[in-house]
Amino acid sequence: MTTHQLLTHITLTGVDDHTNLAELANLSERFPLVEWGFLYSPKRQGHGGRYPSVATLLNAFRTLPDTVRVALHVCGAGVPNLLANEAEVTGLVEAVAARGGRVQLNFSQSQDGIDLDALSTLLDRYPSLKVITQHNDANEGVWKRLCGHANYVALFDSSGGRGVERSAWPAPLHGIHCGYAGGLGPDNLAMKLTRIRAAASGHPHWIDMEGKLRTEDDTFDLQRAEACLLEAMISLCLDWMSPEEVRAAVRFCETCDDDEGYDVPRAMMKRLEALGLVADKKFGRFEQTSLLLDIREALEAEITAAS
């Protein structure tokens, strides 16, 4: 499994009432790894900031293209409400499950005392729905109770969603698909992603970020989201591409510029296709993908730095 396959999701959390869903869908088309996180709290919903109205949530889950990946992050009283089958939050979870999304349950076991037997029952009720809990000191025993469920996954989040940067990243929990959060954003993602990949030690993983995607007036910023996605893909591409592939990708871009046919060997073009950088249009024709167009400048800078 290659590096870009090991990173399964780039979760950008905090889509709100002001987010343009069409622009969000466009970013998903350019960056298929992105997963959009929507926060739900029964007390905070629809009062501004990062908790959109229930109507906004349902509209997004029902109208966004199926290729747009979403996650519902259930907070506060929403977690025990879900375990008690309360109608509102259950309807939201089922809307997410119907489109193949994921659900994250945000709670502090040491403070809230969530009924883990009921949570285990929830995992049984939705066997195809991936259910995430935060793994930290307050939830130390949660994963041990739930790890027998194939649809259980865990997010390393030592600050419980407060976005505190980590100085070190833990190894994955045994047999569990794990994600990493903690102060990630456009200012540090390239460096942090390299360290997270090392910590994951060849296991599939994902990353999640929230706080640094918001403006000063607490609005979800799609420009910051785009910057994070681009930074992540540049980091991944430079990690998984050989120097020969970098040079070939740039050379193909140059031949597209002059529109006089490409001189990159077909075997190399197929390697670039496997990396998602070109598309085979048949009959000897290839074209640049949006990913290649997005990272071209970074690839050119890599060649310059190596020369």
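Here's a quick tour of one protein chain, from its overall build down to one pocket and one histidine.

Keep in mind that this is a predicted model. The chain folds up with 13 helices and 10 strands. A compact globule of 307 residues would have a radius of gyration near 19 Å, and the chain comes in at 21 Å, so the two agree. Of those 307 residues, 52% count as buried. Among contacts linking residues at least 6 apart in sequence, 66% join residues at least 24 apart.

Here are the overall numbers side by side:

| Feature of the chain | Value |
|---|---|
| Radius of gyration | 21 Å |
| Box filled by the C-alpha atoms, along the principal axes | roughly 65 × 40 × 35 Å |

Now for some empty space. The second largest pocket holds about 210 Å³. It is lined by 13 residues, and the closest to its centre are Arg-30, Pro-32, Met-233, Gly-276 and Leu-291. Which helices each supply at least two residues of that lining? They are helix H2 (21-30), helix H10 (222-240) and helix H13 (290-306). By type, the lining splits into seven nonpolar, four polar and two charged residues.

Finally, let's look at His-9, which sits in strand S1 (residues 7-13). Is His-9 buried or exposed? Its relative accessibility is 11%, and the cut-off for buried is under 20%, so His-9 counts as buried. Leaving out residues up to four places away in sequence, His-9 touches Leu-33, Glu-35, Arg-69, Arg-102, His-177, His-205, Trp-206 and Ile-207. Closer along the chain, the side chains of His-9 and Thr-8 share a polar contact of 2.8 Å.

Conventions: Residues numbered from 1 in each chain as written. Predicted model: local features only at pLDDT ≥ 70, side-chain atom pairs only at ≥ 80, totals over all residues. Heavy atoms only, no water. 1 Å grid on protein atoms, 1.4 Å probe; cavity = no way out; pocket = protein on both sides within 12 Å on 5 of 7 lines; lining within 4 Å. Points joined across faces, edges and corners; volume = space filled by probe spheres on them. Helix = DSSP H or I, 4+ residues; strand = E, 2+ residues; numbered from the N terminus. Nonpolar A, V, L, I, M, F, W, Y, C, P; charged D, E, K, R; others polar. Buried < 20%, exposed > 50% of the residue type's maximum accessible area, 1.4 Å probe, protein only. Polar contact = N/O pair within 3.5 Å; in protein donor to acceptor, adjacent residues only side chain to side chain. Contact = heavy atoms within 4.5 Å. Rg over C-alpha atoms; globule rule 2.2 N^0.38 Å.
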